[in-house]
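Welcome! Below are some short exercises, each followed by a solution in steps. Keep the sequence and the 3D view open as you work.

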Amino acid sequence: MDRTILITGVGRGIGRGLAEAYLRDGARVIGTMRDATRAPATFADALGAGRLRLLEADVRDADSLAAAAAAIGAEPVDVLIACAGIMGERTADTIASDPALYHEVFDVNVLGVLRTVQAFRPALARAAAAKGEAKALILSSHMGAGDNPKSNAMPYRLSKAAVN
């Protein structure tokens, strides 16, 4: 596989799982983490072989994303997977939820996606120019679908509906 995949949030969860799967498939992976010194031990071989590059970036901070994008230089990115996200507080009492919680979850799950795509758009454009296509994939959740009747984790649900 001759592709470079950039995945945000590779430190744990779905981002980590995607990074590991793409590495097994032979892709070169660039992963972002808020603290790259806390990389999972399962990444050691790929890091040593140069197939995985970790960059520190926080999707809440446009400057850190710009720095990460600058760090990859002129390298094209074939696929960008915006995976970093947070659940926030799980509460069934939507009315009593602190509005600050909604702001925090939206900042990461919605605006973080926008910041990420903006920062890495030039790398995607380089891949599109060289190979004819590039893709930005944005992770969502069934919890963001209007047909899911549960009312817990409302900030998360609304953020995923916004992403959809």
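**Exercise 1. Which residues does arginine 3 touch, not counting residues up to four places away in sequence?**

Before we start, please note that this is a predicted model, in which local features need pLDDT of at least 70, side-chain atom pairs count only at pLDDT 80 or more, and totals for chains, interfaces and linings use all residues. Residues are numbered from 1 along each chain as its sequence is written, and side-chain values use heavy atoms, with hydrogens and water left out.

Step 1. Find arginine 3 in the segment before β1. Helices (H or I, at least four residues) and strands (E, at least two) are DSSP runs, numbered from the N terminus.

Step 2. Look for contacts, meaning heavy atoms within 4.5 Å. Arginine 3 touches Tyr22, Ala27, Arg28, Asp78, Val79 and Lys131.

Step 3. Pick out aspartate 78. Arginine 3 and aspartate 78 are 75 residues apart in sequence, yet their C-alpha atoms are 5.9 Å apart in space.

Step 4. Check the accessibility. Buried means under 20% relative accessible area, exposed over 50%, and partly exposed in between (1.4 Å probe, protein chains only). Arginine 3 counts as partly exposed because its relative accessibility is 31%.

**Exercise 2. Describe how strand β1 is covered and how β1 pairs with β2.**

Step 1. Select β1, residues 4–8: five of its five residues are buried.

Step 2. Follow the side chains. Thr4, Leu6 and Thr8 point one way, while Ile5 and Ile7 point the other way, and all are buried.

Step 3. Move to β2, where five of its six residues are buried.

Step 4. Compare the directions of the strands. β1 and β2 pair in the parallel sense over five bridges; two strands pair if DSSP finds at least two bridges between them.

Step 5. Locate some partners. Threonine 4 stands opposite arginine 28 in β2, and isoleucine 5 has valine 29 as its bridge partner there.

**Exercise 3. Is phenylalanine 43 buried or exposed?**

Step 1. Go to the loop between β2 (28–33) and α2 (44–49), where phenylalanine 43 is found.

Step 2. Read its accessibility. Phenylalanine 43 has a relative accessible area of 0%, so this residue is buried.

Step 3. List its surroundings. Leaving aside neighbours within four places in sequence, phenylalanine 43 is in contact with Val10, Arg16, Ala19, Glu20, Leu52 and Leu54.

Step 4. Take one of these contacts, valine 10. The C-alpha atoms of phenylalanine 43 and valine 10 are 10.0 Å apart, with their positions 33 residues apart in sequence numbering.

**Exercise 4. Compare what arginine 115 and asparagine 109 reach with their side chains.**

Step 1. Place both residues. Arginine 115 is in helix α4, residues 99–131, and asparagine 109 lies in α4 too.

Step 2. Check the burial. Arginine 115 is buried because its relative accessible area is 18%; asparagine 109 counts as buried because its value is 1%.

Step 3. Follow the arginine 115 side chain, which reaches the backbone oxygen of valine 59 at 2.8 Å. Beyond four places in sequence, arginine 115 touches Val59, Arg60, Asp61, Ala62, Leu65 and Asp107.

Step 4. Turn to asparagine 109, whose side chain makes a polar contact with the side chain of serine 159 at 3.0 Å. A polar contact is a pair of N or O atoms within 3.5 Å; within protein, one must be able to donate a hydrogen and the other to accept it, and residues adjacent in sequence count only if both atoms are side-chain atoms.

Step 5. Extend the view around asparagine 109: its contacts include Ala84, Gly85, Ile86 and Tyr156.

**Exercise 5. Which residues line the largest cavity?**

Step 1. Learn the term. On a 1 Å grid over the protein atoms alone, a cavity is a set of points where a 1.4 Å probe fits but cannot get out, and lining residues have an atom within 4 Å of a point.

Step 2. Colour the lining: Thr8, Val59, Ala82, Cys83, Ala84, Val108, Gly112, Val113 and Thr116.

Step 3. See which element contributes. α4 gives the most to this lining, with four residues.

Note on methods. 1 Å grid on protein atoms, 1.4 Å probe; cavity = no way out; pocket = protein on both sides within 12 Å on 5 of 7 lines; lining within 4 Å.
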